[in-house]
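Reader: Before we discuss the details, could you show me the structure that we are going to talk through?

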Amino acid sequence: MAGLVKLTIDDQAVEAPAGTLVIEAARRAGIEIPSFCYYQGLTLQGACRMCLVEVEKSPKLLTSCTLPVAEGMVVRTQTPQVKQARQAMLELLLTNHPLDCPVCDKGGECELQDMTLAYGAGQSRFLEIKQHVDERQWSPVVYYDRPRCILCFRCVRICNEGMGVNALGIVSRGGLSEIAPNRGDRLECDECGMCIDICPVGALTSGMYRYKTRPWEMNHVGTICTHCADGCKTTLGVCHNQIMRGNNRDRSGINGEFLCIKGRYCADFVDHPERLRTPLMRTERGLEPVSWARALAAVAAKFQEVKARNGLMGVIGSNHTTNEENYYLQKFARQGLGTGHIDHHRTGDLAGLMAHLRTPALLASTADLYTSKAILIVASDLAQQHPFLSFQVRANYRHHQAHVYTVAYGPVREDQYAVRSLRIQPGEELAGIESLRADLMKEPELVILFGDGVQGEAVPRLVEFGASLAIPVRYLCLLDYSNSRGALEMGLLPDPQGGMNLEEMLACTDLDALWVVGANPLKNHKLAARNAFLVVQELFLTETAQAAGVVLPAASAYEKSGTVTNLCGEVQHLKPAVALAGPKTDLDIFRLLASELGLELGPWTPQKISPMAVGGAVQSARDTLFTSGTLGRYSKTLNSVSEGPGGLYRG
Ligand code: SF4
Ligand code: SF4
Ligand code: SF4
Ligand code: FES
């Protein structure tokens with residue numbers, strides 16, 4: 001194969017593409033070279049010198065993390081000289097290190113512990129008293145403990161390069177060097193916790209997790225973040241039925257190690273004291289707790305009655321519930337209740353896009369955002385609304401020099417490195433894109449991302465524009481929530497013949513019953529049919545639940561199995577992390593109601609339904625990094641940061 005370089009590492013013949021670093025070539029050949037500052041995907045630092053190796057004909061040991069492979073190179077990683085160098089480096093790192101492993105958050109998953117065990121000398125020659133510096137709290141999320149810091153600068157690089165936030169730097173020199181936050185003694189940033197996660201030791205710890213448990217006391221449950229439509233895998237650490245944190249250190253999942261504050265720390269809505277635990281039914285005294293049997297019987301009786309007299313029944317589903325639940329709900333509505341008035345809160349015009357694309361193959365994947373040579377972002381602030389996509393686009397720019405174009409209503413983080421940035425007013429989206437035509441036509445390929453500023457008539461015009469560029473173009477419609485796409489694909493849409501959409505149902509004064517599952521339409525709308533029987537399945541007593549005749553407490557995404565589809569169409573599995581006494585999954589509630597009604601709905605395996613381009617308002621909730629629809633209100637973590645200037649921080 002052209003470009004392959006042959007070398008020897010520890011007497012093993014190794015081949016690696018030209019330009020590969022020796023540390024990587026060794027790892028790929030199964031030879032581990034210890035490292036602290038080297039981190040795949042970030043710039044090289046050459047700071048810790050843990051990765052020293054012997055290279056034939058070189059008079060000195062060399063850092064393998066900065067050394068590219070060369071033809072005929074002979075590398076040795078286990079010589080006495082190398083071992084002695086590693087011991088010396090560890091001894092130096094431990095000079096002022098407090099060795100408080102028994103109480104340190106990182107204990108049990110600390111790279112310094114592991115390295116000391118594997119490569120350390122077992123004793124230190126330093127007898128001096130260790131320097132102590134008090135721990136500092138930089139934000140509700142981030143704490144810094146200087147004596148534990150080994151100055152590998154991974155945190156600085158992930159924040160600057162990976163996140164594009166530039167919130168961390170280095171102050172002072174030599175032994176006095178330390179990491180410093182961007183606002184002197186505090187941080188103003190995304191609070192993503194990426195710096196905490198990437199820190200090899202316990203120098204950075206999180207306000208959400210610190211001192212609560214130890215890594216080995218937790219079950220680690222890999223599931224999908226429930227906050228936005230990007231679909232990050234999050235591995236939830238669970239101790240005593242409580243979610244302590246999320247992370248993705250093993251880089252499994254489409255997001256690699258990336259998580260934003262919501263996927264990492266904001267599962268705390270799950271055990272919020274206001275979670276609904278028992279069904280509620282309206283009496284003359286208001287909503288009162290009742291048994292499941294009574295609540296289900298009341299709902300079934302009312303549905304039966306409305307159906308028998310051919311009354312008007314509406315169903316509003318969720319963009320958080322699973323594909324299986326969404327599929328079953330629309331089937332229940334159509335086959336069981338005989339209604340075509342079905343919808344959900346649509347946050348982007350994906351149905352319109354799918355109707356106008358020649359083939360679904362023209363829809364982009366999350367991986368495309370990392371590989372495509374050019375990306376056009378229209379009407380969206382990715383860093384606020386789609387943190388993972390923003391991370392992915394930035395990584396593409398850093399690693400492959402992708403050309404990024406932005407057409408936005410205000411400054412966005414991608415402007416920092418975009419080849420062209422346009423400011424527009426709402427309504428000027430297509431004109432803005434058109435003005436980029438000459439530049440875009442020179443690109444070899446393009447992915448166009450667009451938010452709710454492009455919908456209805458504008459969608460076919462956007463697709464027409466893409467086709468007229470005469471280059472391969474793929475599209476990504478930006479949706480808001482974890483299963484927005486699944487809700488659409490599973491058919492939570494009005495029947496094309498006469499089915500009312502969400503706004504029409506709410507405005508219809510003749511509606512007899514409305515069944516709302518995992519949605520809060522009355523937050524922004526009024527229900528015109530004042531006497532309609534309203535049934536709500538929810539986690540909390542939302543505005544909609546407060547107006548209901550019957551409220552059924554539902555399980556959250558972190559308490560159930562099933563699948564969700566992210567905005568790119570990637571279908572992923574949810575795994576239950578905790579169990580809460582009281583609520584039931586929406587699917588269980590559907591099954592119980594079906595049996596109460598004597599309905600035989602047949603197999604409920606979801607099949608993908610081709611969504612038709614049905615009309616109706618498409619409106620993003622414009623969540624920011626520190627809001628998350630209804631769930632955000634019940635996350636203590638999100639509320640602890642949203643007050644600060646960080647909520648408006650734009651990098
Ligand atoms: S929490 Fe995230 S944004 Fe804030 S300093 Fe750490 S890496 Fe940077
Ligand atoms: S705080 Fe952690 S990641 Fe940052 S330089 Fe210190 S040891 Fe490295
Ligand atoms: S980017 Fe979206 S899916 Fe990923 S962790 Fe953040 S909120 Fe969750
Ligand atoms: S890993 Fe090579 S110098 Fe730090």
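Reader: Which residues come nearest to ligand 3?

Author: In this predicted model, the shell around ligand 3 holds 13 residues, and α6 (261-265) and α12 (387-400) each supply at least two of them. The residues that come nearest to ligand 3 are Cys-225, Cys-228, Cys-232, Cys-260 and Phe-388.

Reader: How do the residues of the shell around ligand 3 divide into nonpolar, polar and charged?

Author: Cysteine and phenylalanine both count as nonpolar, so the residues that come nearest, Cys-225, Cys-228, Cys-232, Cys-260 and Phe-388, belong to that class. For the shell around ligand 3 as a whole, the division is eight nonpolar, three polar and two charged.

Reader: Which residues surround ligand 1, and how do they divide by class?

Author: Ligand 1 is surrounded by Val-142, Cys-159, Val-165, Ala-167, Leu-168, Leu-187, Cys-189, Asp-190, Glu-191, Cys-192, Gly-193 and Cys-195. Because Asp and Glu count as charged and Gly as polar, the division of this shell is nine nonpolar, one polar and two charged.

Reader: Is Cys-159 buried or exposed, and how many disulfides does a search of the whole structure find?

Author: Buried means under 20% relative accessible area, and Cys-159, at 10% relative accessibility, therefore counts as buried. By the same cut-off Cys-152, at 7%, also counts as buried. As for disulfides, the search of the whole structure finds zero.

Reader: Why does the distance between the end C-alpha atoms of α8 agree with its length, and how many of its residues are buried?

Author: Helix α8 runs over residues 323-336, and at 1.5 Å a residue its 14 residues should span 20 Å, which agrees with end C-alpha atoms that are 18 Å apart. The helix is mostly covered, and its buried residues include Tyr-327, Tyr-328, Leu-329 and Phe-332. After α8 comes Gly-338, whose phi is positive, near 70 degrees. Of the 14 residues of α8, the number buried is twelve.

Reader: On how wide an arc do the buried residues of α19 lie, and which elements do they pack against?

Author: In α19 (residues 586-597), whose end C-alpha atoms are 16 Å apart, in agreement with an expected 16 Å, the buried residues are Asp-586, Leu-587, Ile-589, Phe-590, Leu-593, Ala-594 and Leu-597. They cover an arc of only 160 degrees around the axis, which puts them on the same side of α19. The elements that these buried residues pack against are α7 (292-308), α8, β23 (513-517), β24 (533-538) and β25 (550-553).

Definitions and conventions:
Residues numbered from 1 in each chain as written. Chains lettered and ligands numbered in written order. Predicted model: local features only at pLDDT ≥ 70, side-chain atom pairs only at ≥ 80, totals over all residues. Heavy atoms only, no water. Near = heavy atom within 4 Å. Helix = DSSP H or I, 4+ residues; strand = E, 2+ residues; numbered from the N terminus. Expected span 1.5 Å × (residues − 1). Buried < 20%, exposed > 50% of the residue type's maximum accessible area, 1.4 Å probe, protein only. Disulfide = S-S within 2.5 Å. Arc of directions from axis to C-beta. Contact = heavy atoms within 4.5 Å.
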